[in-house]
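Here's a quick briefing to read alongside the model. Have the viewer open and follow along topic by topic.

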Amino acid sequence: MNSPDTANQLIAEHYDRTQYTSNAFFYSSPGHLRATAHLYGVETVPIEKARVLELGCAAGGNLLPFALAYPEAHAVGVDLSPLQIQQGQKVVQDLGIKNLDLRAMSLTDIDKDFGQFDYIIVHGVFSWVPPEVRQAILRICRENLSPQGIAYVSYNTYPGWKAGDIVRDAMLLHSHSATTDEEKLASAKAMLTLLSDGLAASNPLAPSLRGAVAQLQKQSDYYVAHEYLETFNAPCYFLEFADAAQQAGLAYLGDAESHSELSATYGQNVQLNHSLIAMGQPKVLRQQYLDLAIGRNFRKSMLVHQEREADVAVSPNLDLLPDLRWAGHFTRGESPADAPAGHHAYINHRGGPLNTSEAKVIAVIETLTTAWPRTLSFGELLAGVQATTYIEGDAEAQAKAVQEALEILFRLNQLRYGFGAGPYDAESVEVVDETSNPTLLDGFLNVLEAGRDPEFGMGQANAWHEVVRLNLKEAEAYMLRYMDGRETIVQLKTRLRDAWQQGEVPGLDGKTLAGSIRIFVGKAVEQLLSPCLGKSIAEHNGKLIHRGFPVEGSTHRLAQHVA
């Protein structure tokens with residue numbers, strides 16, 4: 001057996017033993033990649049009928065939302081782990097999905113005959129495989145990419161990963177004699193105490209090491225195992241990656257989170273000094289300078305065929321923001337103390353904070369919240385803003401204000417956007433009442449039920465391609481099973497009331513038959529249908545329920561999504 005085959009076998013066996021949860025990542029979704037490419041001036045293939053390939057797809061969790069949302073598109077996922085591919089194949093079979101093909105095979109076995117794809121996704125693979133496989137990835141991104149195709153490759157980068165290298169070396173050192181994966185993980189995590197609490201005051205690397213350890217301690221065991229304890233983990237400088245891509249016949253397009261390539265995103269000091277040193281330098285060198293300034297440790301690079309390099313803008317063109325469609329959902333902070341004096345405090349749909357005193361920003365986020373989870377064109381957004389009293393002036397001044405607000409929110413990464421219709425734009429917007437029939441997104445309940453098995457390796461996601469982490473109480477989980485569009489809200493409340501009275505489910509407080517039936521039933525159902533669920537339900541907002549619900553316009557109405 002040659003060395004690449006040996007390495008592949010070791011990687012496959014490790015992933016079968018310690019499965020990596022197969023999640024969706026919005027920044028790698030074809031819709032997001034297409035919109036981002038537009039900001040760099042590059043034309044791409046519409047996603048509705050696109051061909052998509054993911055290398056290192058695990059169980060297919062990053063492809064499933066796309067395949068379900070765009071039935072006329074076709075997606076193929078490849079992974080070394082037969083066990084994870086089998087799990088994904090079962091989900092595909094159970095749901096009757098015809099446009100998602102998952103295959104257990106080595107990336108090095110893919111050749112030109114495998115076909116061409118409009119979007120190639122390689123997330124969380126490039127840094128964690130041997131050099132031969134990294135070369136194969138770039139070869140596939142050239143040979144199997146359609147003429148207008150976009151390839152996405154994520155990887156660990158320096159200088160941000162320098163401290164991570166030391167942490168990894170120390171963890172591997174302390175766990176080298178372990179005989180099982182469990183022992184190796186326990187020994188490796190024990191080393192973190194030395195690197196956080198046991199560092200000498202004179203250690204010049206102490207702040208960086210403590211920071212790396214603090215971030216690592218927030219992660220799950222499977223993340224620690226695959227990020228720090230794998231046989232291969234090869235960070236590189238961005239310039240090295242760009243050079244390898246060029247040698248493979250590819251050109252660097254930009255980062256999938258394009259706001260991160262703008263020096264203004266990191267403050268005036270960074271912007272001023274970066275503009276001075278990077279003036280007149282090539283695109284890739286400008287980005288390497290920025291990485292040094294901000295200590296970047298992870299990149300999500302988009303690539304195109306080298307023949308298209310002349311079409312690529314140096315940085316995302318913010319003048320093109322009005323070409324996109326926009327979405328966002330914000331809730332007010334619980335108290336004025338959540339924001340500085342004179343500011344409004346908001347929480348975005350992912351649970352992140354936003355404090356603002358700008359009327360134009362407030363107008364935009366409240367207009368988008370009214371439409372969530374649908375997207376609005378710039379014209380629709382402007383019309384919505386004009387209906388408020390936040391922005392004065394004539395139509396031209398208002399349009400300028402809206403674009404400025406979008407630029408602010410874009411740099412802060414607060415919104416979702418697409419170049420074309422969003423995944424929820426076709427949903428009905430009829431008036432909600434107790435006769436509405438809530439329906440879970442296709443496939444969500446299947447994945448949720450399968451996830452009861454701790455060995456199942458796929459996470460839940462919404463149609464925005466975002467992870468949705470649920471922490472359901474028993475009564476709430478009971479209700480989800482019946483949100484299939486066949487029962488109205490009134491019927492769901494009746495079903496839950498009967499189940500509670502018969503002792504089939506406990507109350508939200510964990511006690512059976514305690515308190516008011518009417519209050520309990522109403523609370524349980526409304527939590528599941530709320531535009532902004534409590535922490536007992538989810539850590540991330542994002543629509544799970546659709547059909548038969550309107551867009552959210554008031555905190556006093558039920559909404560069409562689980563957040």
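Cys57 has a relative accessibility of 2%, so it counts as buried. Cys141 is buried too, with a relative accessible area of 0%. Keep in mind that this is a predicted model.

**Cysteines**
- How many disulfides does a search of the whole structure find? It comes back with 0.
- Cys57, at 2% relative accessibility, falls under the 20% cut-off for buried, and that's why it gets the label.

**Strand 4 and its neighbours**
- Strand 4 covers residues 117–122, and 6 of its 6 residues are buried, so the rest of the structure largely encloses it.
- Strand 1 (residues 51–55) runs parallel to strand 4, and 3 bridges join the two.
- In that pairing, Leu53 sits opposite Ile120 of strand 4.
- Strand 5 (residues 145–158) also runs parallel to strand 4, this time with 5 bridges.
- Here Ile121 stands opposite Tyr152 in strand 5.
- To get from strand 4 to strand 5, the chain passes through helix 5 (residues 131–143), and this β-α-β crossover is right-handed.
- As background, side chains in a regular strand alternate between the two faces of the sheet.

**Salt bridges**
- The structure holds 19 salt bridges. A general reminder: side chains of opposite charge can pair when their charged atoms come close.
- Lys189 and Asp221 form one of them through their side chains, at 2.8 Å from N to O.
- That pair links distant parts of the chain, with Lys189 in helix 7 (residues 181–197) and Asp221 in helix 9 (residues 221–228), 32 residues apart.
- Both partners are partly exposed: Lys189 has 36% relative accessibility, and Asp221 has a relative accessible area of 40%.
- Asp425 pairs with Arg325, and their closest N and O atoms are 3.4 Å apart.
- Asp425 lies in the loop between strand 13 (416–418) and strand 14 (439–440), while Arg325 is in strand 9 (residues 325–327), so this salt bridge ties together parts that are 100 residues apart in sequence.
- Asp425 is partly exposed, with a relative accessible area of 21%.
- Glu358 and Lys360 meet in another salt bridge, at 3.6 Å from N to O.
- Buried or partly exposed: which label does Lys360 get? Lys360 has a relative accessible area of 19%, which is under the 20% cut-off, so it counts as buried.
- Its partner Glu358, at 33% relative accessibility, counts as partly exposed.
- Asp255, Glu261, Asp291, Arg296 and Arg299 are joined into one network by salt bridges that share partners.

**Asn233**
- Where's Asn233? You'll find Asn233 in the loop between helix 9 and strand 6 (236–237).
- Although it sits in a loop, Asn233 counts as buried, with 11% relative accessibility.
- Its side chain makes a polar contact with the side chain of Asn156 at 3.2 Å.
- A polar atom of the Asn233 side chain also lies 2.5 Å from the backbone oxygen of Glu227.
- Leaving out residues up to four places away in sequence, Asn233 touches Ser127, Trp128, Asn156, Trp161, Arg168 and Glu227.

Methods
Residues numbered from 1 in each chain as written. Predicted model: local features only at pLDDT ≥ 70, side-chain atom pairs only at ≥ 80, totals over all residues. Heavy atoms only, no water. Buried < 20%, exposed > 50% of the residue type's maximum accessible area, 1.4 Å probe, protein only. Helix = DSSP H or I, 4+ residues; strand = E, 2+ residues; numbered from the N terminus. Pairing = 2+ DSSP bridges. Right-handed = clockwise from strand over helix to strand, strands pointing away. Disulfide = S-S within 2.5 Å. Salt bridge = Lys/Arg side-chain N within 4 Å of Asp/Glu carboxyl O. Polar contact = N/O pair within 3.5 Å; in protein donor to acceptor, adjacent residues only side chain to side chain. Contact = heavy atoms within 4.5 Å.
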